[in-house]
Amino acid sequence: MLFAGGWGSGKTWWLIAEALRLTVDNPGRAGVLVSPTFPLQRRTLYRAIVDIFPEAKRWPTGAASARDCLGPLVKDWSASDRVLTMWNGAEWVFGSADNVSSLEGASYAWGCLDEPRLVRAEAWRIFNARIRDPKSKQLRRALAGVPSLGWMWDEFGKPHPKRTVIRASTTDNSAPPAWVHRAPQPQRPTDPRLHPRRVRCARSQLVRDRP
Ligand SMILES: Nc1ncnc2c1ncn2[C@@H]1O[C@H](COP(=O)(O)OP(=O)(O)OP(=O)(O)O)[C@@H](O)[C@H]1O
Ligand SMILES: [Mg+2]
């Protein structure tokens with residue numbers, strides 16, 4: 001499933017909500033959350049988790065208790081393994097697409113991938129192959145990003161019975177980031193980064209749908 005959204009349309013928040021839904025469906029099983037790089041992950045996924053989890057205050061560091069920092073949804077955090085243990089024994093394993101060894105070897109019940117356009121096809125292939133836990137309720141891959149060509153087009157560009165695409169514009173977000181309102185007026189109606197629903201991916205170009 002791909003959430004194809006404009007900048008600031010709520011993609012990363014949707015991805016964390018999706019991870020929570022998959023955690024409820026798969027108690028005791030492990031899922032993987034992947035970003036293009038670990039530094040980007042700290043700025044995006046970690047930040048969204050602190051914003052979304054009830055009673056969360058900050059990301060746990062040092063000897064701080066994960067539950068005190070991230071609230072009652074979390075039991076434990078291993079910084080060395082980058083694994084959050086959730087209230088129901090499910091694990092959130094954090095991976096980076098530019099460090100494929102962080103994706104190799106394991107089996108996951110589900111996977112979430114943020115900013116897929118910044119991820120190479122090889123990392124997408126490995127991510128995809130690792131979601132194979134036979135005890136998974138549904139081997140869901142959830143992706144959240146601005147649509148682009150390359151492997152994203154191959155996977156989601158054409159209708160497919162096993163693919164779902166949700167499209168959203170930046171302005172669909174009821175709480176869009178402040179810069180959207182500062183964007184120059186003429187740019188707003190056409191910018192594909194703000195309005196991906198008006199954009200169709202063609203093999204060689206990005207084109208706007210006719211009104
Ligand atoms: N469901 C929601 N309810 C309330 N606020 C939301 C919701 N989704 C997103 N937001 C607000 O919108 C902001 C942007 O959301 P988010 O970071 O998920 O967007 P994004 O599409 O991932 O952005 P980017 O293009 O920068 O990656 C959040 O910081 C949050 O304040
Ligand atoms: Mg985001």
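Where is the place of Glu-55? Glu-55 sits in the loop between H2 and H3. I will come back to that residue after the overall picture.

What you have in front of you is a predicted model, in which local features need pLDDT of at least 70 and side-chain atom pairs count only at pLDDT 80 or more, while totals for chains, interfaces and linings use all residues. Residues are numbered from 1 along each chain as its sequence is written, and chains are lettered from A and ligands numbered from 1 in the order in which they are written.

First, the overall content. The protein has 6 helices and 10 strands. Helices (H or I, at least four residues) and strands (E, at least two) are DSSP runs, numbered from the N terminus. The protein has 211 residues, and 33% of them count as buried. Buried means that 20 or more other C-beta atoms lie within 10 Å of the residue's own; exposed means 12 or fewer, partly exposed is in between, and the C-beta atoms are placed from the backbone. Among contacts with a separation of 6 or more, 63% join residues 24 or more positions apart. A contact here means that two C-beta atoms, placed from the backbone, lie within 7 Å.

Next, the ligand. How many residues surround ligand 1? There are 11, and the closest are Trp-7, Gly-10, Lys-11, Thr-12 and Trp-13. To be near the ligand, a residue needs its C-beta atom, placed from the backbone, within 6 Å of it. Helix H1, residues 11-25, gives the most to this shell, with 3 residues. By class, the shell has 4 nonpolar, 6 polar and 1 charged residues. For the classes, Ala, Val, Leu, Ile, Met, Phe, Trp, Tyr, Cys and Pro count as nonpolar, Asp, Glu, Lys and Arg as charged, and the others, Gly among them, as polar.

Gly-10, one of the closest residues to ligand 1, has a partner from far along the chain. Thr-170 is 160 residues from Gly-10 in sequence, but their C-alpha atoms are 7.9 Å apart in space. Thr-170 lies in the loop between strand S8 (165-168) and helix H6 (179-182). Thr-170 counts as buried because it has 22 C-beta neighbours inside 10 Å.

Now back to H1, which also packs against helix H2, residues 38-52. The angle is about 70 degrees, and the axes are 10 Å apart. Axes are lines fitted to C-alpha atoms, for helices over the stretch in contact, and angles run from 0 to 180 degrees between N-to-C directions. H1 and H2 are therefore roughly perpendicular to each other. The cut-offs are under 35 degrees for roughly parallel, over 145 for roughly antiparallel, 65 to 115 for roughly perpendicular, and oblique for the rest. The crossing of these two helices is right-handed, which is to say that the near helix is turned clockwise from the far one by less than a right angle; anticlockwise would be left-handed.

Which residues in H1 meet H2? They are Thr-12, Trp-13 and Ile-16, and on the H2 side the partners are Thr-44, Leu-45, Ala-48, Ile-49 and Ile-52. The residues of this contact divide into 6 nonpolar, 2 polar and no charged.

After H2 comes the loop to helix H3 (66-70), where Phe-53 is found. Is Phe-53 buried or partly exposed? Phe-53 is partly exposed, because 18 other C-beta atoms lie within 10 Å. Not counting residues up to four places away in sequence, Phe-53 touches Leu-70, Gly-71 and Leu-73. Between Phe-53 and Leu-20 there are 9.7 Å, C-alpha to C-alpha, and the two are 33 residues apart in sequence.

Glu-55, as I said at the start, is in that loop between H2 and H3. Glu-55 is not a glycine, yet it has a positive phi of about 70 degrees. Glu-55 is exposed, because there are 12 other C-beta atoms within 10 Å.

Glu-115 makes a useful pairing. Its phi is near 55 degrees, a positive value in a residue other than glycine. Glu-115 lies in the loop between strand S6 (110-114) and helix H4 (121-130). With 22 other C-beta atoms within 10 Å, Glu-115 is buried.

Last, Asn-88, in the loop between strand S4 (83-86) and strand S5 (91-96). Asn-88 touches Thr-23, Pro-27 and Gly-28, leaving out residues up to four places away in sequence. The C-alpha atoms of Asn-88 and Pro-27 are separated by 5.4 Å, although their positions lie 61 residues apart along the chain as a separation. Asn-88 counts as partly exposed, with 13 C-beta neighbours inside 10 Å.
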